[in-house]
Structure formats: structure tokens, C-alpha cells
Amino acid sequence: MEEAKRIKQLPPYLFARIEKTIEKAKSEGVDVISLGIGDPDRPTPEHIIGKLCEQAHNSVNHRYPSSVGMVSFRQAVAFYYKNRFGVELDPKTEAVTLIGSKEGIAHISFCYLDPGDVALIPDPGYPVYGIGALLTGAQPYTMPLTAKNRFLPDLDAIPSDTAKKAKLMFINFPNNPTGAIANDGFYKKLIAFAKEYDIIVCHDAAYQDIAFGGYRPPSFLEYPGAKEVGIEFGSCSKSYNMTGWRIGWAAGNPQVIEALGRIKSNIDSGVFQAVQYAGIAALTGPQDCTFDISEVYRERRDIIIDGLNSMGWSLEKPQATIYVWVPVPKGYTSISFAEEVFQKTGVVITPGNGYGEYGEGYFRIALTVEKERMIEAINRIREKIGHVQF
Ligand code: PLP
């Protein structure tokens, strides 16, 4: 059976090898601690689960939902934007419900990219941006995120010929995998750049409510002119521990939202309405849960950073996300370090090159295991890897 070229060109699943090694180790009785997957380990808050149960019993919800989402869910998105960022959205034209933000991130490329078009993709980054672009036959152009630039893309380094050909730019702050955040200056410059070159900005804000020490990540849509040039992807997944529920949204420019809704109506049939009601409960209900969830990650972050710094690293504490992005010690590649840590300690860390070529030389730790296991992981690394050099 001959696969289509678009499928053949997909890069091999970089984590497959690691997963195989983990399975083998587990079957041999190794006590594996996985700091690899960014999937929240704590349960969804009770009031959200309660709403799902209640609405699952209502037979009206058992029928096909609208592919662009219930108006009441989109109103909840608008309520959240007003409440959290002071941003006004028209729920009918400026918001669309997504089957998790990943779905919209993948589909947006199909709305705007033709073969040969250029999409600007951050590297390291969430792989779906580049994959969506590749599947349309477009050319991904890499925007390196480096420590020198505090992991912000250097817009001045994009050649103007490339910028002229580019139709979409993906941006993600707070950032996976680097944990970096963006400031007002960056967003203002980004909007001016997008206007100059007529580029649609797709800002991925999946981590916008996971932040520490009083820091509150802004929305891209807060900045003047943002709605003229782009959209923001949001998600209930990380803010409310709802990765399995599959609910998110895109909000912003009405033309782009309409195009995304149009492609969705031809491909999917939306999100189970009971889940949308649960999403409404999340976005319009008490928000203390997002602070409680952030506090859990803050405590785990401190264990990891303090532990690694005591072994020779000199890491700053990230102000947001559920990740810590760490350079590998001297003499290692991302893969060789991740493999050595796993072989010697049973602790899984993700090699940075899994997120793009500029991720080489780093590894990512996901803060998604309980504090006691974090401490155990750090103790094993200290005992078996010891003091490191750079
Ligand atoms: N964007 C980023 C940067 C992510 O890390 C993830 C998931 O890990 C997503 C988007 C997708 O989130 P979801 O589809 O669960 O909304």
C-alpha cells in the first residue's frame, strides 16, 4: 500500500525509541520516573466534572454539536478574555471552539498555505506548527529560539524576501519547551512586522494561566492591532487539568476565525456539548483552581531547579509553563545525556532535539509528577551523574 507523499515526508516519531526503552526497562522491573510528557497528573477540578456529569444526562447533548461550537461556549471564551485580559470579543464571529487547541493549530495551515508558501516556525517548538505547514506542501522557515535572545524569535533576522513570501507565523508564549515568556516590546514589534509583511500571526497561548510569583502572562490580543493581524489559540487543557477532555478555542481576527470554522465544518463535527458545558464551567467559574494548579508546578519547579543548580547548573527559574529547559553538560548531546540519565537512574527526560534542531544541546523536564517523585528523581541524578561541567 503506497502512502501519500505528504505522509511519507512526516519526520519519524522522535520519541518512539525512548518509549521502547522505557517499556523494556519497566518490564525488567525498573522504577521509571517519567519527566518526559507534559500531561498534567492532577485531576480536573470537581465543579467542572460535575457540570459534565449533569450535561451528559441531557439527551439534547447526545446529538451532533455544531462544528464551530455552541454560542454559549464562545460567549464563555469572550467572558474569559474580558475578565482576564480586558479584551472584547464578539463570540459569534471572533471565537471558534476547537477539539483541543492542537486541532486548530494543525488546521489553520490548510486555510492559508498553498504549496510553495512560507510559514514561519519557531525552533525549538511544539511540533504541530511545522507538521501542519508541511502537510500543505508549504515550506517551513525556521525562527531559531536561542538563549542569547531569551528564546524570543529575532524578527530582524528574517530575510525580507522570506518575510514577503510568508503567510503564517506561529508564536508560542509562555513557551513550550523553553519556558520563556514574551514582553510588551516583543508583541508590539511582532504586530508591526505582521502588518508590514501581511503575515497572519497564530499565537499559541496554551500555557497562559500557568505562571508563578505573581507573573500573569498577557494575551497577544491585548496589544493594539493584534486582532487585525492574527488569532490566539487557547486551551482548557493545562489551566484546568483537562488534557483528556479535548476542548480549546481560537479567538481574534474574524476572517481567520471564519476560515478555520469553514474548514472544520468540512472535516469534523465539533466537541461533545456536555464537554463544552464543562468548558463553560471552567472559563466562567472560580479561577482559584488555576492559581492552585500553578502553585503545584511552582513547588516542583523549585525542587528541580534547586536540585540541578546544586550539581553545577546555573539555571534561572522559569516564570511560567510546566517545563524546565536545561542545557546538557559538556561532552554530551541531547540524546546521549537523556540516554545516560535513563540508563543510570530510570529517570526519563526529553532530548531537546525532539523539538527542532535548535533544541540540540538541551533537555526538557516536565513538572508533571508529584513532589516526592521529583525529589526522588533529583536524588537519583545527583547520586549517579554527580557534579557536571559546562
Ligand atoms: N500548544 C502547546 C505549546 C502545547 O504544548 C500543547 C500540548 O501540549 C498544545 C498546544 C495542545 O494542547 P491541547 O490540544 O490539549 O489544547
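Ala, Val, Leu, Ile, Met, Phe, Trp, Tyr, Cys and Pro count here as nonpolar, Asp, Glu, Lys and Arg as charged, and the others, Gly among them, as polar. The legends below describe a predicted model.

**Figure 1. The shell of residues around the ligand.** Sorted by class, this shell holds five nonpolar, six polar and four charged residues. The ligand has 15 residues around it, and those that come nearest are Asp 204, Tyr 207, Ser 235, Ser 237 and Lys 238. The element that gives the most to the shell is helix H5, residues 101–112, with three residues.

**Figure 2. Polar contacts of the ligand with Ser 101, Ser 237 and Lys 238****.** In the side chain of Ser 237, an N or O atom is 2.6 Å from an oxygen atom of the ligand. For Lys 238, a side-chain N or O atom is 2.7 Å from a ligand oxygen atom. With Ser 101 the contact is made through the backbone, where an N or O atom lies 2.8 Å from an oxygen atom of the ligand. The ligand taken alone exposes 400 Å², and the protein buries 92% of that.

**Figure 3. Domain 1 and domain 2 of the protein chain****.** The domain assignment places residues 5–44 and 288–384 in domain 1, and residues 46–284 in domain 2. Between the C-alpha centres of domain 1 and domain 2 the distance is 25 Å.

**Figure 4. The interface between domain 1 and domain 2****.** Contact involves 34 residues of domain 1 and 39 residues of domain 2. The size of an interface is often given as the accessible area lost when the parts come together. Between domain 1 and domain 2 the buried area is about 3,100 Å², with carbon and sulfur atoms giving 63% of it. On the domain 1 side, Thr 44, Gln 319 and Tyr 358 lose the most area to domain 2, and together they make up 23% of what that side buries.

**Figure 5. Cis peptide bonds at Pro 124 and Pro 174****.** Asp 123 and Pro 124 are joined by a cis peptide bond with omega of about 5 degrees. Pro 124 sits in the loop between strand E3 (118–123) and helix H6 (128–135). The peptide bond from Phe 173 to Pro 174 is also cis, and its omega is near -10 degrees. Pro 174 belongs to the loop between strand E5 (166–172) and helix H8 (184–197).

**Figure 6. The backbone at Phe 151****.** Phe 151 is a residue other than glycine with a positive phi, near 60 degrees. The loop that holds Phe 151 runs between strand E4 (139–144) and helix H7 (160–165).

Terms used
Residues numbered from 1 in each chain as written. Predicted model: local features only at pLDDT ≥ 70, side-chain atom pairs only at ≥ 80, totals over all residues. Heavy atoms only, no water. Near = heavy atom within 4 Å. Polar contact = N/O pair within 3.5 Å; in protein donor to acceptor, adjacent residues only side chain to side chain. Areas by Shrake-Rupley, 256 points an atom, 1.4 Å probe, with all protein chains shown as cover. Helix = DSSP H or I, 4+ residues; strand = E, 2+ residues; numbered from the N terminus. Domains from an automatic or database assignment. Contact = heavy atoms within 4.5 Å. Buried area = accessible area lost by both parts, 1.4 Å probe.
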